[in-house]
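Please open the structure in a viewer and keep the sequence beside it. The tour proceeds by selection, with a short account of what each selection shows.

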Amino acid sequence: DLPRELHSWRQMADYSPEMRQFACLLHLYHIKAYDYLRKILPLPHPYSLTKQVVIPSWLSNNEAAAGFSGDIFLQLQEKVERGDQAYRYCAVLVRDMSLQKQQEWDPQTKRLTGFVDLGAGILDADEAPLASEAIILMAVGLSSPWTAPLGYFFVNSTSGHFLAQLLRQAINKLNNIGIVVLAVTSGAAARGAQTARALGIRIDPRRIQCTFQHPPGSAHSIAYFFDVCHALLLIRNALQCFQKVEWLGDTVWWQHVVELAALQEQRVLEPCSPESGRAGSKGSCHLKVNPATLLFSEGVAEALEHLQKLGLASFQNCSGTVKFVRLMSSLCDVFYGRGPYGKEPLLAGNYTKISNLFDEAKSFFVNLTDSVGRYIIKGKRKLGFLSFLLNAESLKWLSSNYTCPEGTPPHQLRTRAFTLDPLEQFLRALQQACGSSGSPTCTVFQAAYHKLLASCSLAPGSPHGGGSASPWDTRRRDLTLGSIRAQYHPAPARALAPEYPYSAGLLLPSSALSNALTDLSLYTRSLACAAGWVAEQLASDLHCEACLASLFEADESRLRCRSVLYIRKLGGVSLPSASVHHITSISEQVLNRYGKVGGASKNTKLWHLSLEQKVFQELLGESPLFPTFTNHLFEGDLSINNHYTVLVKEITRCYLNIRTNPPQHLTLKYPCGKHRLKRLKGKHLFPSPLGSCQSS
């Protein structure tokens, strides 16, 4: 399909689609072969691509076809031309997504789809390879939380050299419209390491080169980062494989983490009540490890110290483990912009503290040894530790080159933009739009991408980026204590509605909520029991430590740490927090006011959505919920899906589901008289009209 005559290659504007495909593929996959053929054919010079947009324009498309998104770049150019300083600097993120290999017929274009497509046209031939993955690129604002999906590319197999060329093309296009790229982030995996090396990054603890020049040989440098979450997973895998690592006299034991994750719920002995003369007469206190606690967090360090002080044998001599976990937690605070460094740790005043922390981490990592004395940083489990060392050097370089002296307005560089979190949020939305949890086909992927792109906004805090991670974020799941517990102690299948005995004195008189429920009816007590059931159901799926802790009424006088909870229980039911109880109470009022329970319409999605909307309307204007964790819950408050709104929505949805679809085998006991218990089953658990409840 390619002309052999040299005169046919003279004018690039007259290149056929096949000639453009050939030039693009050769440039991205085999740069040396491309340079060689330039001696014969008038192909574009790679170094001139920063001034000419030949190959980048060939790889661009409008709508939602493969390649760079022309519409997104036009929107970015308009913002730059208006002088919006928030779009002056950005980072570029790259991620792959697996596809289902499948050849399909597109009746609109009347062509076969499912083949490799880099934006210059589909390679639809009998012997052409089918696409097995999509490479997605995204630009993220550094001083403002805007995100822009730059495009995607269907590939069959790829290498670090290919991704390096693709990144350079993306940087070219951003530079051409006036946006300066300061950083690139990839996954901490084999392909990510190959990409870094292909760009000129040196990952050697003795001599780390954290930046690369673009264009090659120019004065402009770009920092390289590995995704923090991927690096943490690699470090977790290393500790799990070695079981024990040593560092200058300290020992880190993986077993301490396993024992913490597997710690069973235990009842705590309490002093006798002055009124009853016996302990626990009005409820009992239970110690419970929060399964949503992140492994490398201050919460785990505090939990280990607390259990050591309680005298539990499994947690003695854990000081080395505590020191390591606390160090990793501090590093995560820097890269996620939280804790003592705030959302802008690159401010000039923080440089000394951050630099000292990075020096401590480097001393720790380079001296880590396994049980036989071999240095881990030189072994096969080194990439996670090297990723943090590289990220530390990149952050220090950015802090030195792109922050202002103290006392002057700083460049507010958000360190969270150097992680893959914004791109992961976009990919989760893309996966939901695909309509299945498996790998989509090229056709399904394109339709979902087109749907998201049509509603995409480059404004800060748009729905598919900029906000904080969801409390149901699956990326966090593999780094929680719950995931470790599941590895060593797989939980049995969870029943749809376990039997929870319900006895008198559900709430303790010491709490504000209990004072309001002391002498209320059986109906209200059943409602409180259901609220506790909702809290336990949601807790089993939450991956956020603070959000999970906010579901229960906890005894914080013992330990102000969300990793170890002291939860009040009565009759086996966890007592819900006041906020959870209030949401379920409002939901019940809405249900009795606007919906007929048991009607045929209860199974329609529209009916459920209308009820949820009315619950939210009732909650508007009231006092804020979850007062203890307000600062955490409102992280990313520009996003509609922050932790606060997601929790309220899920609590409402869970309660309405169990209320309108009561399991017939659910059996709850309620107090009847002083010593007698009665049972209510299935739909009779809640007397339907509010106020018509009769107590036996």
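Which residue in strand 14 is the bridge partner of valine 268? Select valine 268 together with cysteine 285: the bridge partner of valine 268 in strand 14 is cysteine 285. Please bear in mind throughout that this is a predicted model.

**First stop: the sheet around strand 14**

Select residues 266–268, which form strand 13, and add strand 14, residues 284–289. Strands 13 and 14 pair in the antiparallel sense, over three bridges. A second pair to inspect here is glutamine 266, which stands opposite leucine 287 in strand 14.

Now add residues 564–570, which form strand 15. Strand 14 and strand 15 run antiparallel and are joined by six bridges. Keep leucine 287 selected and add tyrosine 566 of strand 15, since leucine 287 stands opposite this tyrosine. Leucine 287 thus has glutamine 266 opposite it in strand 13 and tyrosine 566 opposite it in strand 15.

To complete the sheet, add residues 573–574, which form strand 16. The four strands form an open sheet in the order 13-14-15-16, with antiparallel pairing. Strands 13 and 16 stand at the edges and have a single partner strand each, so one side of each is left without a neighbour in the sheet.

Is strand 14 largely enclosed or largely open? Five of its six residues are buried, so strand 14 is largely enclosed by the rest of the structure. Cysteine 285 is buried, with a relative accessible area of 0%.

**Second stop: the cysteines**

Select the cysteines and display their sulfur atoms. How many disulfides does a search of the whole structure find? The search finds zero. A disulfide is a covalent bond between the sulfur atoms of two cysteines. Cysteine 229 may serve as an example: the nearest cysteine sulfur belongs to cysteine 332 and is 9.0 Å away. Because a disulfide requires sulfur atoms within 2.5 Å, cysteine 229 is in no disulfide. Cysteine 229 is also buried, with a relative accessible area of 6%.

**Third stop: salt bridges**

The structure has a count of 14 salt bridges. Begin with arginine 191 and aspartate 96, which form a salt bridge whose closest N and O atoms are 3.8 Å apart. This pair links distant parts of the chain: arginine 191 belongs to helix 6 (residues 190–199) and aspartate 96 to strand 3 (residues 89–98), and the two are 95 residues apart. Arginine 191 is partly exposed, at 25% relative accessibility, and aspartate 96 is partly exposed as well, with a relative accessible area of 29%.

Next, select helix 12, residues 383–401, which contains both lysine 396 and glutamate 393. These residues form a salt bridge, with the closest N and O atoms 3.5 Å apart. They are three residues apart, about one turn of the helix. Is lysine 396 buried or exposed? At 14% relative accessibility, lysine 396 counts as buried, whereas glutamate 393 is partly exposed, with a relative accessible area of 26%.

Then move to helix 23, residues 643–660. Glutamate 650 and arginine 653 meet there in a salt bridge, at 3.9 Å from N to O. Because these residues are three apart in helix 23, about one helical turn separates them. Arginine 653 counts as partly exposed, at 28% relative accessibility. Finally, select Asp96, Glu133 and Arg191, which are joined into one network by salt bridges that share partners.

**Fourth stop: an annotated span and helix 14**

Select residues 418–450. In an unreviewed entry, the UniProt annotation "domain: Transposable element P transposase-like RNase H C-terminal" covers this span. The span is 70% helix and 0% strand, and its end C-alpha atoms lie 26 Å apart.

Now select helix 14, residues 442–454. This helix has 13 residues and reaches 18 Å from its first C-alpha to its last, close to the 18 Å expected at 1.5 Å a residue. Colour Cys442, Phe445, Ala448, Tyr449, Leu452 and Leu453, which are buried. Seen down the axis of helix 14, its buried residues fall within an arc of 135°, so they line one face of the helix. On the other side of helix 14, select Lys451 and Ala454, which are exposed.

Definitions and conventions: Residues numbered from 1 in each chain as written. Predicted model: local features only at pLDDT ≥ 70, side-chain atom pairs only at ≥ 80, totals over all residues. Heavy atoms only, no water. Buried < 20%, exposed > 50% of the residue type's maximum accessible area, 1.4 Å probe, protein only. Pairing = 2+ DSSP bridges. UniProt positions renumbered as here; feature names shortened; annotations may be inferred. Salt bridge = Lys/Arg side-chain N within 4 Å of Asp/Glu carboxyl O. Expected span 1.5 Å × (residues − 1). Arc of directions from axis to C-beta.
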